[in-house]
Amino acid sequence: MPSNKDADEIAALFRSIPAAVKRAIQPALEQGADELVDRMRYLAPDEDGTGTLRASIEKEDGPRELSIRVAAGGTATTDAKGDDYALNQEYGTAKMERNSFFWPSVNSAGKRVRRRVDRAIGKAIKDHYK
C-alpha cells in the first residue's frame, strides 16, 4: 500500500498538469462516456414496456477532475421495498434470469474508449510542450 508521501507526490503531479492539457482531454472522455451510455441503452431490456431502465442510464461528472461516471438504476428503478430493478437485471435473482447490459457494454467498448483517451492525452501533451 502506498504511503502518504507517495500519494502526495502523485496528487502533486496531477495538479501540475496544465489546464490546456486537461481541456484537450475532456472531449475524448465525453465521447467515451457517450459511447458507453448508448451501448448500455441498446442492450438494456425493456420488459415492463416503460423504458425506465433505459432512461436511468446516464453520465455525470465524476468525483475527481477529468472523470465521468456512467450509472444505471438508482432511485428511478428502485421500488418501495428497496429492490433495484437495474441490479436485478444485471445480476439476476432467484426468480429472474440475469439479463446483463452494464458490464457487457463496459467489456466490449472499454478498450476502445481507453485507447481514445490515451491518444488524446498523448496528443494534448505533445501539442502543449511543442
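Begin by selecting Lys123 and Asp127, whose side chains meet in a salt bridge with an N to O distance of 2.7 Å; because this is a predicted model, the distance is one computed from the predicted atoms. Both residues belong to helix α5, where they stand four residues apart, about one turn of the helix. Colouring by accessibility separates the two partners, since Lys123 is exposed at a relative accessible area of 53%, while Asp127 is partly exposed at 37%.

Stay with helix α5, which covers residues 102–128, and select Trp103, which lies in that helix. With 41% relative accessibility, Trp103 counts as partly exposed. Add Leu87 and Tyr91 to the selection and show the surface, and you will have the three residues that make a nonpolar surface patch of about 340 Å².

Next, move to helix α2 and display its backbone. This helix has 25 residues and reaches 36 Å from its first C-alpha to its last, close to the 36 Å expected at 1.5 Å a residue. Follow the helix to Ile25, where there is a kink of about 25°, shortly before Pro27. Ile25 is also one of the buried residues of α2, a list that includes Val21, Ala28, Leu29, Gly32, Ala33, Leu36, Val37 and Met40, and that holds Lys22 and Glu35 as well.

Keep Lys22 selected and add Glu65, because the side chains of these two residues meet in a salt bridge at 3.0 Å, N to O. Lys22 lies in helix α2 and Glu65 in the loop between β1 and β2, so the pair ties together parts that are 43 residues apart in sequence. Which partner is buried, and which is exposed? Lys22 is buried, with a relative accessible area of 13%, under the 20% limit for that class, whereas Glu65 is exposed, with a relative accessible area of 58%.

From Glu65, step along to Leu66, which is placed in the loop between β1 (58–61) and β2 (68–71). The backbone of Leu66 deserves a look, as its phi is near 60°, a positive value in a residue other than glycine. At 29% relative accessibility, Leu66 counts as partly exposed.

Now select Lys59 and Asp34, whose side chains form a salt bridge of 2.7 Å, N to O. This pair links distant parts of the chain, with Lys59 in strand β1 and Asp34 in helix α2, 25 residues apart. Both partners are partly exposed, Lys59 with a relative accessible area of 30% and Asp34 with one of 35%. If you widen the selection to take in Glu30, you will see that salt bridges sharing partners join Glu30, Asp34 and Lys59 into one network. In total, the structure holds eight salt bridges, among them the Lys22 to Glu65 pair and the Lys123 to Asp127 pair where the tour began.

Finish by colouring the whole protein by pLDDT, which averages 90, with 98% of the residues scoring at least 70. Which elements have the lowest and the highest mean pLDDT? Helix α1, residues 4–15, has the lowest mean among the elements of the protein, at 81, and helix α2, residues 19–43, has the highest, at 95.

Methods. Residues are numbered from 1 along each chain as its sequence is written. This is a predicted model: local features need pLDDT of at least 70, side-chain atom pairs count only at pLDDT 80 or more; totals for chains, interfaces and linings use all residues. Side-chain values use heavy atoms; hydrogens and water are left out. Patches are made of residues with over 30% relative accessible area and no salt bridge: like charges are joined within 9 Å, nonpolar side chains (Val, Leu, Ile, Met, Phe, Trp, Tyr) within 5 Å. Accessible areas come from the Shrake-Rupley method with a 1.4 Å probe; for residues, only the protein chains shown count as cover. A salt bridge is a side-chain nitrogen of Lys or Arg within 4 Å of a carboxyl oxygen of Asp or Glu. Helices (H or I, at least four residues) and strands (E, at least two) are DSSP runs, numbered from the N terminus. Buried means under 20% relative accessible area, exposed over 50%, partly exposed in between (1.4 Å probe, protein chains only). pLDDT is the predictor's confidence in each residue, from 0 to 100. The expected span of a helix is 1.5 Å times one less than its number of residues. The bend at a residue is the angle between axes fitted to the seven residues ending there and the seven starting there.
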